[in-house]
Amino acid sequence: MKHIQTEELKDWISPYLTVTAKRLDVLKSLKQTNILKYFQELTLPNIFEKYAIILHSFWVYNLPENEIKQINIKVDENLNCDCEFPEDDYNAVNWMDFYDTKNFDFDLANAVKNNVDGKFPFKQMNNELYPGAGILDKKHLSEISRTALKLYGNQEIETYYIFLATNNWEEDKMYRLKISELMELIENEETEKTPSLIYSTDKKWAINSDYDLEFSIIGGEKKFIESLTEKHPHEIYSIT
C-alpha cells in the first residue's frame, strides 16, 4: 500500500470524481424516468457489464418503547449527532426493513427519490440515525473485497478521497494498494467517509461513493455484481 499523487487518477474514471453541472443538465430528463439509471450514469462510466446501487444503512439504538420519541436530530457529515447514545451500540437496518418498521411500503426507486429530495415519508426518532452520506457500510466493503479477491485474485486497486471526504478537509488523497489491503486502509484512515472512488486498475470494477449521497454505485462484470446482489438482496440492488 502506498500514497500516490492525485494526478495519477486514471483518465477513464477521473470525469466521475465529482458531479458536474454539465452532466447534470444532460441527464436531467433521465432523472424523471429512471432515477437509478440516472445516478449510475452520473457517477460511473458506461463501460461495465452490470451496475448496482448499494444503500447505506439506517442505524437504530434499541430503547424501551416509552423512551422513544420524535426529535429533530441534525446529523453532520460524519454521521455524528447530538444524542445521548454511543454510536457503537447502534444496529444497522436496511432500507426495506426500516420502511417496514414505519409501516410504509418500500419501493426502491421511490425511496431513492425521497432520500435525494430529503423527504422520507416518516419522522426521525431519538434512537435513529439516517444513512450516512458518503459512508458505505464496512460490511459491504468487506464483502466487495472478499468477492473481488475470490474472482480476480489479489488485484491492484486505487482509492481516491476528495478533500471533503478527508478528516481535515485540506487536500485530496490517493492510494495504490492490493484488494486484500482495502479494509486495513479503511480502518486506519482518520475519517468516517468512504473513499470517493475505489476501482481496480484493470477496469474490472469500480465504486463511486459521493460525499453527498446516502448510497453508492458499483459497476463491474456480471458475475461480480450478481455475486454481491445475491448475497445482499435487500441492500445491494441491480440497476436495470
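Me: In this predicted model, how does the length of helix α6 compare with the span expected at 1.5 Å a residue?

Reply: An expected span follows from the number of residues in a helix, counted as 1.5 Å times one less than that number. Helix α6 runs over residues 138-152, and its 15 residues should therefore span 21 Å; the C-alpha atoms at its two ends lie 21 Å apart, in agreement with that value.

Me: Which residues of α6 are buried?

Reply: A residue is called buried when its relative accessible area is under 20%. In α6 this applies to H140, L141, S142, E143, I144, S145, T147, A148 and Y152.

Me: What backbone feature is found just after α6?

Reply: The residue to inspect is G153, which takes a positive phi of about 80 degrees.

Me: Which residues of helix α5 are buried, and where do they lie around the axis?

Reply: In α5, which covers residues 108-117, the buried residues are L108, A111, V112 and N115. They occupy an arc of only 100 degrees around the axis, and therefore lie on the same side of α5.

Me: What covers the buried residues of α5?

Reply: The cover includes helices α3 (35-43) and α4 (95-101), together with strands β2 (50-55), β10 (215-220) and β11 (236-238).

Me: Which residue follows α5, and what is its phi?

Reply: G118 follows α5, with a positive phi near 70 degrees.

Me: Which residues other than glycine have a positive phi?

Reply: Two cases may be examined here. N103 has a phi near 65 degrees, although N103 is a residue other than glycine. N103 is situated in the loop between α4 and α5, and its relative accessibility of 71% makes N103 exposed. W169, also not a glycine, has a positive phi of about 60 degrees. W169 belongs to the loop between β6 (156-161) and β7 (173-178), and is partly exposed at a relative accessible area of 43%.

Me: How many salt bridges does the structure hold, and why can such side chains pair?

Reply: Side chains of opposite charge can pair when their charged atoms come close. The structure holds 11 salt bridges.

Me: Which residue forms a salt bridge with K138, and which parts does the pair tie together?

Reply: K138 meets E187 in a salt bridge, at 3.4 Å from N to O. Because K138 lies in helix α6 and E187 in helix α7 (residues 182-188), the pair ties together parts that are 49 residues apart in sequence. K138 is partly exposed, its relative accessible area being 44%.

Me: Which residue forms a salt bridge with K139?

Reply: The partner of K139 is E235, and the closest N and O atoms are 2.9 Å apart. This pair links distant parts of the chain, 96 residues apart: K139 is in helix α6, while E235 is in the loop between α8 (222-231) and β11. K139 is partly exposed at 37% relative accessibility, whereas E235 is buried at a relative accessible area of 11%.

Me: Where do K173 and E189 lie, and are they buried or partly exposed?

Reply: The side chains of K173 and E189 form a salt bridge of 2.9 Å, N to O. K173 is in strand β7 and E189 in the loop between α7 and β8 (197-200), so the pair joins parts that are 16 residues apart in sequence. With 21% relative accessibility, K173 counts as partly exposed; E189 is buried, with a relative accessible area of 14%.

Me: Which residues are linked in a network of salt bridges?

Reply: Such a network links E8, K10, E158 and R176.

Me: What is the order of the open sheet of three strands, and which strands stand at the edges?

Reply: The order is β4-β3-β5, with antiparallel pairing. The edges are taken by β4 (91-93) and β5 (128-129); each has a single partner strand, so one side of each is left without a neighbour in the sheet.

Me: How many bridges join β3 and β5, and which residue is the partner of W59?

Reply: Strand β3 (residues 58-60) pairs with β5 in the antiparallel sense over two bridges. The bridge partner of W59 in β5 is L129.

Me: Where is T240 found, and how far apart are the C-alpha atoms of T240 and Y51?

Reply: T240 is in the segment after β11 and is exposed, with a relative accessible area of 72%. Although T240 and Y51 are 189 residues apart along the chain, their C-alpha atoms are separated by 8.0 Å.

Conventions:
Residues are numbered from 1 along each chain as its sequence is written. Side-chain values use heavy atoms; hydrogens and water are left out. Buried means under 20% relative accessible area, exposed over 50%, partly exposed in between (1.4 Å probe, protein chains only). Helices (H or I, at least four residues) and strands (E, at least two) are DSSP runs, numbered from the N terminus. The arc is that of the directions from the helix axis to the C-beta atoms. Contact means heavy atoms within 4.5 Å. A salt bridge is a side-chain nitrogen of Lys or Arg within 4 Å of a carboxyl oxygen of Asp or Glu. Two strands pair if DSSP finds at least two bridges between them.
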